[in-house]
Amino acid sequence: MPYLHIITAQGEAQTYSLSKETVMIGRAKDADILLHDAGVSRHHAQLRRTGELYLVKDMDSSNGTFLNETVLQQEIPLRVGDQVRVGQTIMKYLVNPPAKTTTANMVLGPNDPQFQASMFKADQLPYTMVEQSPQDDTPTRQHNLLLLNRLSKDIISMKDEYALAEFLAQHILDWFQADCCAIVYQQSHPDGYQLDIKAIACSTPDMVRDLTISKTAAQEVIENKMALFTTNAGQDERFKAQDSVINRGITSILCAPLWHEDQVFGLFYLDTTEQEVRLNMDHLGMLSAVANLAAIKIDNLRLMAAAVVQAAMERELALAAQIQARLLPGSSYAFAGFRCLGFNRACLQVGGDYFDFIPLNEDVLTVTIADVAGKGPAGALLMAACESILTTLVETGLPLQERIARLNQYILKHANPRQFITFFHAEIDRRTRTLIYCNAGHNPPILLPAGEATTVLMPTGIPIGIMEERDVPHGIHETPFEPGAKLVLYTDGVTETRNAEDEEYGEQRLLDLVAVQRGSPAPALRDAILQDVDRFAAGTEHQDDLTLAIVEHEV
């Protein structure tokens, strides 16, 4: 008959004969093997007989089940001599009952490879301090709680993450009388991640120069999201071959993860080479509590730093929005014989839409509307450059065709390859009563001749900033613009406005509205369009910049 020889968390030894088909191990009253171990779940592990064998299986426990100090991932047959660990309880699988042994010599000693070598899930760490019975409240524990309380008060007032790490490393080193204390962060890397020592403290200053920490221990904590400690690293299979353990003669290692919202972003690492100073479960509980406090504080400091950056960015964007507003001609513009109106609303603080009215001479007015691909600061910067270049080109008196070519070349040379501009640029001559225009891939403006049918000014070329002018020249068209005529220019923020049903406003809806309102003066026509678009959206957030401009040839 097989047996389990059990050494409890309290160091007591007992033997359990296996005769049932299934044997439940845990802290629940209905468990076949009832363990009073804070690291054991109610139904922690199960043994199941199949033929002459017993198989062991973890029952989704909080801290995991270990077979010969390897995390149990699936049901596995037991072999004679195998050791199963749950919490701090070790069970050895035997086929013959062991010789009667006293409790004292059944407790694993410091030279045994399995002596105090454990891992615990990060979200279960608090039990090491809080799940103690009142009779466990020793003077040492009371002293540690006082130190923890004092430490928490100190770190609450700290404002700098680096200073916090330095402070904690030194205080924990002194507190635990260790040789080395390091705070290690996990940094993203093309091959996965790398370990970055944020702060380190040593018992003697010369140690820092040649100090190495156990990367295996740190990686186990990060990858498994578990705390780890061993009090005999030289004989622990996980660490005994490591250079750091051999060269420095490390005896004890203790690691507790820094974790927040189920993400481990670093860890506390402690080690010692002193045989007399052994890190134990009390140390694990205290370090875990400090790690929890530190993780919350670090997260708060990062949120505060992000908020400061965000506030600075919002101030800069607000200033940029003011500057951008000054670059536009305003809501109205006066030119001999013409009434010019405009409206611009960015969906973010700054936008990539642009409109302008620039006189070429006392008889000719240039009218422009443009939409930079992309929203936000990048679009706004390119829009500002476009406005500056175009103003210079107009004021130097270059012909319309050459202006378009020069602007196209500038955008090709200086803009991001993924950026381009849909662009409508026209000259309105009050003497000849004509409108000459180039539509570089922009939404077709609506022309309302006095007493004649509505027409749309379709694109005469592709957007600027895509191809060289010599390869795909932009066409120039001419049309009459008599007194009483109106020109309505807009960006796709008007026609692509969506309502709660995800329906698009569309060009036809705009054409129908303009046809109904064509007899209205320019200000009333502008207001009617904006009100209709907002009524259609019914409070739905705008997803694009919205710009509208109207030119009316006064009678």
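Colleague: In what order do the five strands of the open sheet come?
Modeller: This is a predicted model. In it the order is E4-E3-E5-E6-E9, with mixed pairing.

Colleague: Which are the edge strands?
Modeller: Strand E4 (33-34) and strand E9 (76-77), each of which pairs on one side only.

Colleague: How many bridges join E5 to E6?
Modeller: Six, between residues 45-50 of E5 and residues 53-58 of E6, and the two strands run antiparallel. Among the pairs, Arg48 of E5 is opposite Leu55 of E6, and Leu47 has Val56 as its bridge partner.

Colleague: What about the hairpin of E5 and E6, how many residues are between the strands?
Modeller: Two, and Gly51 in that hairpin has a positive phi near 65°.

Colleague: And E6 with E9, parallel or antiparallel?
Modeller: Antiparallel, over two bridges. Val56 turns up again here, with Ile76 in E9 as its bridge partner.

Colleague: Changing topic to helix H12. Which of its residues are buried?
Modeller: Leu510, Leu513 and Val514, in a helix that covers residues 507-517. These buried residues lie on the same side of H12, because the arc they cover around the axis is only 100°.

Colleague: Why would residues three or four places apart point the same way?
Modeller: An α-helix has 3.6 residues a turn, so that spacing brings them round to the same direction.

Colleague: What do the buried residues of H12 pack against?
Modeller: Two strands, E24 (446-448) and E27 (486-490), and two helices, H11 (492-495) and H13 (522-537).

Colleague: Which exposed residues are on the face turned away from the buried side of H12?
Modeller: Gln508 and Val516.

Key
Residues numbered from 1 in each chain as written. Predicted model: local features only at pLDDT ≥ 70, side-chain atom pairs only at ≥ 80, totals over all residues. Heavy atoms only, no water. Buried < 20%, exposed > 50% of the residue type's maximum accessible area, 1.4 Å probe, protein only. Helix = DSSP H or I, 4+ residues; strand = E, 2+ residues; numbered from the N terminus. Arc of directions from axis to C-beta. Contact = heavy atoms within 4.5 Å. Pairing = 2+ DSSP bridges.
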